[in-house]
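Let's take a walk through a protein model together, one stop at a time. Keep the picture open beside you as you read.

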Number of protein chains: 2
Amino acid sequence: MTYCVGMLLNAGMVLLSDTRTNAGLDNISIYRKMFTFESPGERVIAIMTAGSLSVTQTTIARLADAIDNPDSTMTPSIMQAETMLQVAEIVGNTLSRVASDIAMKLGGMSQNASATMIVAGQRRGGDMRMFLVYPEGNFIEATSDTPFLQIGEHKYGKPILDRVVTMDTSLLDAQKAVLLSMDSTLRSNLSVGMPLDLAVIEADQMRLSRLRRIEADDPVFHKMSLAWSEALRRSFTEIEV
Amino acid sequence: MTYCVGMLLNAGMVLLSDTRTNAGLDNISIYRKMFTFESPGERVIAIMTAGSLSVTQTTIARLADAIDNPDSTMTPSIMQAETMLQVAEIVGNTLSRVASDIAMKLGGMSQNASATMIVAGQRRGGDMRMFLVYPEGNFIEATSDTPFLQIGEHKYGKPILDRVVTMDTSLLDAQKAVLLSMDSTLRSNLSVGMPLDLAVIEADQMRLSRLRRIEADDPVFHKMSLAWSEALRRSFTEIEV
């Protein structure tokens, strides 16, 4: 499985993904699940993926291919699309086409070949927007009522987000919130694993302000994780029943 | 859906269940999911249920019927069974038989008629034991490595349990832990709802030490829930990234 979370705030967008991929329990690999595309000052797009690796890799490869060879396809690439809404539509269409191609190949083997994606970005002159794209290509959008979107193993890390995140959360607090949400997921579910990929996109910069891989032995993350466990245990002790 | 959690500790057992049942999103009802059977000083058994209401109700009805009419069945009732292991087997067999009866009636309608149960108890002369019974009637048991069992919507409330519960946790702390675990689930998932049923079984008493319904407007639970939210937010603020 996977856990990816994206936040759309007034100050910008924060995205975090894990990297664990497994075919069964005894075949575990590390694969990047966050993909970024930027033309600094003009456009920035980040895509996070969950689901069948063959579907997500092929979808991302086709999207990248369309950027490199803009004349080879009928539809514009995500770097040419006129709005972020159109970007989400292109990703959704590509995703559903790839998934049904692969499902056809798998035929009666009833394998589950589907994927879900979070697409976030901003183009110059437009608003920041963040979408959750479903396997069928349709999508929903993050709003001020629901400023975060999750894909994959989303339940373990939801309680902390439900409690601390609003549109006014700062980018620093948002990074802390997604890392703690991931930490809860990592502790409770083996199918989500380090390293992590963290991206920060400040509002109206149309560039990646930060793109960082957090390794398993990262001292800052480790310290934060310990401090959070400690704080939870202390809070637990202090609460009166 | 449902959330039920049971803990097996050195000091005793603590069980908590919600009461929300829904057929679709617009048909929500309150049904008890915790059932207790005791012969004080001799034997105490608590069963919590998750899944299809027709399956769980019929299973519990048959178990209760066998207690009331011990001569009417070939197998002993759960109040006659010689060990808690045998109790788990009786519950498992009854559950799987009821589920397959109902599945047969539903025929090709491909309805999902299955249920999962937590069975906990102690008989005089035996150890406290707690089992998670699967829809097919097989089961697993809580051990010192894994002192809690969950059924239903278990993911939201797992991180807190993973962090604070061991076999040495006191019964008071265990009640706090299951209530906070439930609180996280209630906040993040609409399909789990108040009121709650809480049972405490002290070790070697072979009786229910406490059985309490916690209503939606319960001031103590409400205060604890607020204090926990406040503590989480404060901890969040204090953590350094």
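Our first stop is A:Asp204, which is exposed because its relative accessible area is 55%, and anything over 50% gets that label. Keep in mind that what you're looking at is a predicted model. You'll find A:Asp204 in the loop between β11 and β12 (210-214) of chain A. There's something odd about its backbone, too: A:Asp204 has a positive phi of about 65°, although it is not a glycine. Why is that worth a second look? Most residues other than glycine have a negative phi.

Now look at A:Met206, which sits in the loop between β11 and β12 of chain A. A:Met206 also has a positive phi without being a glycine, at about 50°. Is A:Met206 buried or exposed? With a relative accessible area of 8%, A:Met206 is buried, since the cut-off for that is under 20%.

While we're on backbone oddities, here's another kind. Most peptide bonds are trans. Yet a cis peptide bond joins A:Met194 and A:Pro195, with omega at about -5°. A:Pro195 belongs to the loop between α4 (171-188) and β11 (196-202) of chain A. Chain B has a cis bond as well, between B:Met194 and B:Pro195, where omega is about -5°. B:Pro195 lies in the loop between α4 and β11 (196-202) of chain B.

Next, let's go to a strand. A:Thr49 is part of β6 (residues 43-51) of chain A. This residue counts as buried because its relative accessibility is 3%. What is packed around A:Thr49, once we set aside its neighbours within four places in sequence? Its contacts include A:Thr2, A:Cys4, A:Phe35, A:Ile60 and A:Ile151.

Over in chain B, try finding helix α1, which covers residues 53-68. This helix has 16 residues and reaches 22 Å from its first C-alpha to its last, close to the 22 Å expected at 1.5 Å a residue. Which residues of α1(B) are buried? They are B:Val55, B:Thr56, B:Thr59, B:Ile60, B:Leu63 and B:Ala66. If you look down the axis of α1(B), these buried residues fall within an arc of 125°, so they line one face of the helix. The spacing makes sense once you know how a helix turns: an α-helix has 3.6 residues a turn, so residues three or four places apart point the same way. And what covers those buried residues? The cover includes β5 (34-39), β6 (43-51), α2 (84-106) and β7 (115-123) of chain B.

One of those covering elements, α2 of chain B, is home to B:Ala88. At 0% relative accessibility, B:Ala88 counts as buried. Beyond its neighbours within four places in sequence, B:Ala88 is in contact with B:Phe131, B:Val133 and B:Phe139. Folding also brings sequence-distant residues into the same area: B:Ala88 and B:Ile140 are 52 residues apart in sequence and 9.6 Å apart in space, C-alpha to C-alpha. For another pair of this kind, take B:Ser170, found in the loop between α3 and α4 (171-188) of chain B. B:Ser170 and B:Ala11 are 159 residues apart in sequence, but their C-alpha atoms are 6.4 Å apart in space. B:Ser170 counts as partly exposed, because its relative accessibility is 32%.

Finally, let's look at the empty spaces. Rolling a probe the size of a water molecule over the atoms shows where empty space is left. How many cavities of 30 Å³ or more are there? The count comes to two. The largest cavity has a volume of about 150 Å³. Of the 14 residues lining it, the closest to its centre are A:Pro159, A:Ser184, B:Pro159, B:Ser184 and B:Leu232. The elements giving two or more residues to this lining are α3 (158-164) and α5 (219-238) of chain A, along with α3 (158-164) and α5 (219-238) of chain B. Its lining residues divide into ten nonpolar, two polar and two charged.

The second largest cavity holds about 40 Å³ of space. The largest share of its lining, three residues, comes from α5(B).

The largest pocket has about 530 Å³ of space. Of its 24 lining residues, B:Thr21, B:Asn22, B:Gly51, B:Ser52 and B:Leu53 are the closest to its centre. The lining of this pocket divides into seven nonpolar, 14 polar and three charged residues.

Note on methods: Residues numbered from 1 in each chain as written. Chains lettered and ligands numbered in written order. Predicted model: local features only at pLDDT ≥ 70, side-chain atom pairs only at ≥ 80, totals over all residues. Heavy atoms only, no water. Helix = DSSP H or I, 4+ residues; strand = E, 2+ residues; numbered from the N terminus. Expected span 1.5 Å × (residues − 1). Buried < 20%, exposed > 50% of the residue type's maximum accessible area, 1.4 Å probe, protein only. Arc of directions from axis to C-beta. Contact = heavy atoms within 4.5 Å. 1 Å grid on protein atoms, 1.4 Å probe; cavity = no way out; pocket = protein on both sides within 12 Å on 5 of 7 lines; lining within 4 Å. Points joined across faces, edges and corners; volume = space filled by probe spheres on them. Nonpolar A, V, L, I, M, F, W, Y, C, P; charged D, E, K, R; others polar.
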